[in-house]
Amino acid sequence: MAKLKIFEYPHPILKQKAERVAKVDDDLRGFLDDMLETMYVAEGVGLAAPQVGVSKRIVVIDVSHPDEGEERAPMFLVNPEIVWHSDEQSCQFEGCLSVPEQRAEVNRYVQVRVHYLDYDGKEQEILADGLLAIALQHEIDHLDGILYIDRISRLKRQMLLKKLQKLRQEEEK
Ligand code: NI
């Protein structure tokens with residue numbers, strides 16, 4: 001397994017609509033393993049392929065809490081699609097590995113049903129709520145070139161990007 005480079009805002013690949021995957025094969029599984037390792041090292045709960053420079057419809061997610069004694073529960077989703085969502089929405093804080101050390105409140109559906117291909121290329125469907133529902137919506141957005149900061153008010157986005165710029169300037173020193 002290998003750790004991959006994470007592309008950060010405003011890299012243009014993050015704005016692209018990613019392409020569907022034709023086949024789940026060993027090459028793809030190797031990439032899925034690398035994505036998962038990259039996500040764990042970066043301490044994220046989700047990672048989409050465009051974030052590591054690959055414009056394909058692939059997502060890894062793990063919302064388990066190994067620090068609280070839970071076993072890790074990685075999910076691999078190829079060509080994921082939201083096929084149903086609740087009417088109800090909620091507003092929760094989100095962050096993103098491509099927008100380092102920033103957070104903002106984002107509106108998301110409380111429940112979503114997602115269709116996808118798993119690690120073995122088998123069709124799966126999951127009904128999710130809580131953090132998993134948020135992570136699924138956040139990561140599937142990445143596949144359509146949408147970042148969570150695109151879903152907040154312009155004023156909040158400007159403030160957040162200013163903080164990001166400041167952080168980067170400090171890191172350069
Ligand atoms: Ni993200």
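Here are some notes on this predicted model, going from one helix through the cores to the pairs that link parts of the chain.

1. Start with helix H1, which runs over residues 26–41. With 16 residues at 1.5 Å a residue, H1 should span 22 Å, and its end C-alpha atoms sit 23 Å apart, so the expected and computed lengths agree. Just after H1 comes Glu-43, and its phi is positive, near 60°.

2. Which residues of H1 are buried? They are Leu-28, Arg-29, Phe-31, Leu-32, Asp-34, Met-35, Leu-36, Thr-38 and Met-39. Note that Arg-29 and Asp-34 are on that list alongside the leucines. The cover over these buried residues includes three strands: S1 (46–48), S2 (58–61) and S3 (75–85).

3. Now for the largest nonpolar core, which has 17 residues. Nonpolar side chains tend to be buried together in soluble globular proteins. Here the members that touch the most other members are Ile-61, Met-75, Leu-77, Val-114, Ile-126, Leu-132 and Leu-136. At least two residues each come from S2, S3, S6, S7 and helix H2 (130–143). H2 gives the most, with six residues.

4. If you want one residue to click on in that core, try Ile-61. Leaving out residues up to four places away in sequence, Ile-61 touches Met-39, Val-45, Gly-46, Ala-73, Pro-74, Met-75, Leu-77, Leu-132, Ala-135, Leu-136 and Glu-139. There is also a second, separate core of 15 residues, and Leu-28, Met-35, Leu-36 and Leu-47 are among them. Of these, Leu-28, Met-35 and Leu-36 turned up earlier as buried residues of H1.

5. How many aromatic pairs does the model hold? The count comes to one. It is made by Phe-76 and Tyr-119, with ring centres 4.8 Å apart and planes at 50°, so the pair is tilted. Phe-76 belongs to strand S3, while Tyr-119 is in the loop between S6 (112–117) and S7 (123–128), so the contact ties together parts that are 43 residues apart in sequence. Phe-76 counts as buried because its relative accessibility is 13%, whereas Tyr-119, at 25%, counts as partly exposed.

6. Two charged side chains lie over ring faces. Lys-5 is over the face of Phe-7, at 4.3 Å from the ring centre. Arg-72 does the same with Tyr-40, at 3.7 Å from the ring centre.

7. On to charge pairs: the count is ten salt bridges. One of them joins Arg-168 and Glu-8, at 3.2 Å from N to O. Arg-168 is in helix H3 (residues 154–172) and Glu-8 is in the segment before H1, so this bridge ties together parts 160 residues apart in sequence. Both ends are partly exposed: Arg-168 has 24% relative accessibility, and Glu-8 has 33%.

8. Arg-20 and Glu-81 form another salt bridge, at 3.7 Å from N to O. This one also links distant parts of the chain, with Arg-20 in the segment before H1 and Glu-81 in strand S3, 61 residues apart. Arg-20 is exposed, with a relative accessible area of 54%, while Glu-81, at 42%, counts as partly exposed.

9. A third example pairs Arg-113 with Glu-125, at 3.8 Å from N to O. Here the link runs from strand S6, home of Arg-113, to strand S7, home of Glu-125, and the two are twelve residues apart. Arg-113 is partly exposed at 31%, and so is Glu-125 at 45%. Elsewhere, Glu-94, Arg-108, Asp-141 and Arg-151 are joined into one network by salt bridges that share partners.

10. Last, have a look at Gln-51, in the loop between S1 and S2. Is Gln-51 buried or exposed? Its relative accessibility is 1%, so Gln-51 counts as buried. Setting aside neighbours within four places in sequence, Gln-51 is in contact with Lys-5, Ile-6, Phe-7, Leu-14, Gly-46, Cys-96, Leu-97, Ser-98, Glu-139 and His-142. Lys-5 and Phe-7 in that list are the charge and ring partners from point 6.

Conventions:
Residues numbered from 1 in each chain as written. Predicted model: local features only at pLDDT ≥ 70, side-chain atom pairs only at ≥ 80, totals over all residues. Heavy atoms only, no water. Helix = DSSP H or I, 4+ residues; strand = E, 2+ residues; numbered from the N terminus. Expected span 1.5 Å × (residues − 1). Buried < 20%, exposed > 50% of the residue type's maximum accessible area, 1.4 Å probe, protein only. Contact = heavy atoms within 4.5 Å. Phe/Tyr/Trp six-rings, centres within 6.5 Å; stacked < 30°, edge-to-face > 60°. Lys NZ or Arg CZ within 6 Å of the ring centre and 35° of its normal. Core = buried A, V, L, I, M, F, W, Y, C linked by side-chain atoms within 4.5 Å. Salt bridge = Lys/Arg side-chain N within 4 Å of Asp/Glu carboxyl O.
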